Each structure stands twice: as C-alpha cells, then as structure tokens.
Amino acid sequence: MARWATIAACLAVVVIMLGAWTRLVHAGLGCPDWPGCYGFLTVPQSESSIAIANARFPETPVDVEKGWPEMIHRYAAGTLGLVVFGLAAYAFRHRRVGVPVKLPLFIAGFIVLQGAFGMWTVTLKLWPQVVALHLLGGFTTLSLLTLLSLRLWRRAKAAPRPPAAPGLARFRPWLYGGLLLVVLQIALGAWTAANYAAVACTDLPTCQGQWWPEGMDFRHGFDVAQHVGPNYLGGQLTADGRVAIHVTHRLGAMIVLAYFTVLLALMWRRREASGLDDSIQLVAVVLAAQIALGLANVILHIPLSIAVAHNAMGAGLLLSVIHLVWRHHLLLRTQTASATHTTTIKREVTA
C-alpha cells in the first residue's frame, strides 16, 4: 500500500504538469464536452468523425492539436482516480489490521470532487474561479497522497524514532506559518494562471518600467464574482487588473523567500543531531529553484518548458515543506515521549 500511495503521489505530480501544459497551450477547451471529446472517447481525427463532431458542436470546430493535450490530461487524471479508489478499497478491506482508513477514504471522496471541478472547468468555459479551485484541488490531492505515503512508509519500515531536539521545538508554529504562506502563494499562482496574468509584466525587477505601476486595479483583478457566461479562454480582465494580480504574485514570492530564508537559517543553527539537515536543505534548494524558474519565466517571456517546470517546482516546494513539517512533528513526538518516560521513571524511583 505504501508503494501504491507513492505511485499515486508521483502520478498526481504528472497530472499537475499535464494540466499546466494544457493550460499553457490554450487547450483548456480543446474538447467542449466532458468526459469525452465531441462525444467520442478520443479526439476525432478521421474525416467522418470530425464531420460528426462539428455537427454536434458547430460553435467549436475540432482542433486536433488542442484536443489531444486536454484528453491526455483527462486520461492521466482518470488513471490517478482509479489508483486512489484502489487504495481506498484496500484500506477499507484491511481496516481491522491497523491500516489507515480515514485518510484514503477522504482522498477518494476528494478525487470525486476534483473530477467535478474538472467537468465545471469545461462546461463553464474556463471560469477563473473554478479553474483556480481546480488547480488548488490538484495540489491538495498531491499533499494528501504525500501525507498518506509518509504514514504508510513509516509504518512499513517501523523506523526508529529520531533523536529529540529541544532547540527546534519552538519552530512548530513558524513552520505551520510557512506552510500557510506557501499555500497562499500557490493560490495566487493559480489565480494568476486562471486569469492569464503571467505576461502582464515582462521586465525585471520593475513591471512595465515602474516599481509600482500606475493604474493597477486590484478590485477588478481580484473580483471573485465574475459572472458566468462568456468564454474565458485568454481571460476577460483588463490590463490593469492583470498587472495587479501579477505584482501581487511577485510580492508573495518575495515574502515567501524572505520568510524561509530567516526560518531555515535559524533552524539550521539549532538543528543539533535532529536529523533535519536533509529536510532543511531540500526546502532551501527547491525554493531557490522555484524563484529562479519564476524569474526565467518573466525574462524569457513564458517559454512552455520553463512554465511547466515552474508549476511542477511549486508542487515540489509544497511537498518539501510538508516533509519538513512532518519530520519536525516526529521530533516533537519523540521529545514528548522521552519526557513522559523520564517522569514515569522518576515516579517509580521515588515510590
């Protein structure tokens, strides 16, 4: 089960990357229906199939090059769903032998909700609110599968508890605060992508030659009550609204970078023999790579490969922070267990 949970987590990363690829090549509406494509299981390619498809959807003629990215993404997401349902079924069947049950069942239910958001993404014509929630749902699915994998591998290997590190106990709320900042930054990235605001600023470190561009419309840019109806492919926001979104995303990246620079430096100084060295270094490396990819996106004007890698590295940053929080949580459990054991011994000796 631990192996399959890990495979599912890796597949979730692939699905996130395929989703980014689909969005970046403007293929989000490559198939105007769901779950098929113009009523077919695959993208229609023969002349007769294309004629039937065009008759069914006269307003959206078949574009094979945009249909395939959308369907490949759906195939991968469907495969992930099957693996998750298999994990949930296995967990439920072996619930009496101590296998985690609640988390696999919750993930299975969440996958159903995520599939619904995938459908609404198409049927509501890339409505930004749904697109952003669908992207966040993908990251949530990945996070849950990662937590399940960590729990299962720890159980399977029966790993010894790590040594207690009293000097690191105080960092618990700050780690959770950092995790929250990463989630908020991912949400900003999702909103930036859903509204096609990534190209609103094409220079660095300024935006359109200004440190604080004039006319930025934050109210319009972060209007979450955009009405349903128009085709949102390419976005409907004004330029000032998109600039506001882009600048906010940049500021969020700077805050995350400054926060983790200080936090990781302080944790590194107090790590002692905690065994957190690798986890701290991993977060630092992934964060540096993500910042570099973000800068490259702007400088090189959103090349497809770098843009997809930026999405994947965002997932990597989230997972590395989750892993650090998990390892730190185990340290605190060890410290609590050691303190309880010591107290018990003292009481027995006194008695």
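Here a reader and an author talk through a predicted model and the terms used to describe it.

Reader: What makes Cys 31 and Cys 37 a disulfide?
Author: Their sulfur atoms lie 2.1 Å apart. A disulfide here is a pair of cysteine sulfur atoms within 2.5 Å, so this pair qualifies.

Reader: Why is the disulfide of Cys 31 and Cys 37 called left-handed?
Author: The torsion about its S-S bond is about -80°, and the disulfide is therefore left-handed. As for burial, both Cys 31 and Cys 37 are buried.

Reader: How do you know that a disulfide joins Cys 201 to Cys 207?
Author: We use the distance again. From S to S it is 1.9 Å. With the cut-off set at within 2.5 Å, Cys 201 and Cys 207 therefore count as a disulfide.

Reader: And which torsion goes with the handedness of the disulfide of Cys 201 and Cys 207?
Author: The torsion is about -65°, so this disulfide is left-handed. Cys 201 is buried, and Cys 207 is buried too.

Reader: How many disulfides does that rule give, and what is the pairing?
Author: The count comes to 2 disulfides. If you number the bonded cysteines of the chain in sequence order, the pairing reads 1-2, 3-4.

Reader: Why is Cys 10 called partly exposed?
Author: Cys 10 has 47% relative accessibility. Buried means under 20% and exposed means over 50%, so a value in between is partly exposed. That is why Cys 10 gets this label.

Reader: How much of the chain counts as buried?
Author: Buried residues make up 45% of the 351 residues. The accessible surface of the chain comes to about 18000 Å², and 67% of that belongs to carbon and sulfur atoms.

Reader: What makes the pattern of the chain a row of α signs?
Author: The chain has 10 helices and 0 strands. Read along the sequence, that gives α-α-α-α-α-α-α-α-α-α. The C-alpha atoms fill a box of roughly 85 × 55 × 30 Å along the principal axes.

Reader: What share of the contacts joins residues at least 24 apart?
Author: Among contacts between residues at least 6 apart in sequence, the share is 77%.

Reader: Let's turn to the pockets. What is the volume of the largest pocket, and which residues are closest to its centre?
Author: Its volume is about 1300 Å³. Of the 47 residues that line the largest pocket, Gln 185, His 246, His 249, Gly 294 and His 310 are the closest to its centre. Elements that give two or more residues to this lining include helix H1 (2-24), helix H8 (239-269) and helix H10 (304-350). H8 gives the most, with 9 residues.

Reader: How do the residues of that lining divide by type?
Author: In the largest pocket they divide into 31 nonpolar, 14 polar and 2 charged. Gly counts as polar in this scheme.

Reader: Which residues lie closest to the centre of the second largest pocket?
Author: The second largest pocket holds about 980 Å³ of space. Of its 43 lining residues, the closest to the centre are His 73, Arg 74, Ala 77, Gly 118 and His 134. Helix H3 (64-93) and helix H4 (102-123) are among the elements that give two or more residues to the lining. H3 gives the most, with 11 residues.

Reader: How many residues of this second lining are charged?
Author: In the second largest pocket 3 are charged, alongside 25 nonpolar and 15 polar. Arg counts as charged, so Arg 74 carries that label.

Technical notes: Residues are numbered from 1 along each chain as its sequence is written. This is a predicted model: local features need pLDDT of at least 70, side-chain atom pairs count only at pLDDT 80 or more; totals for chains, interfaces and linings use all residues. Side-chain values use heavy atoms; hydrogens and water are left out. On a 1 Å grid over the protein atoms alone, a cavity is a set of points where a 1.4 Å probe fits but cannot get out, and a pocket is an open set with protein on both sides within 12 Å along at least five of seven lines; lining residues have an atom within 4 Å of a point. Grid points are joined across faces, edges and corners, and a volume is the space filled by probe spheres set on the points. Helices (H or I, at least four residues) and strands (E, at least two) are DSSP runs, numbered from the N terminus. Buried means under 20% relative accessible area, exposed over 50%, partly exposed in between (1.4 Å probe, protein chains only). Contact means heavy atoms within 4.5 Å. Accessible areas come from the Shrake-Rupley method with a 1.4 Å probe; for residues, only the protein chains shown count as cover.
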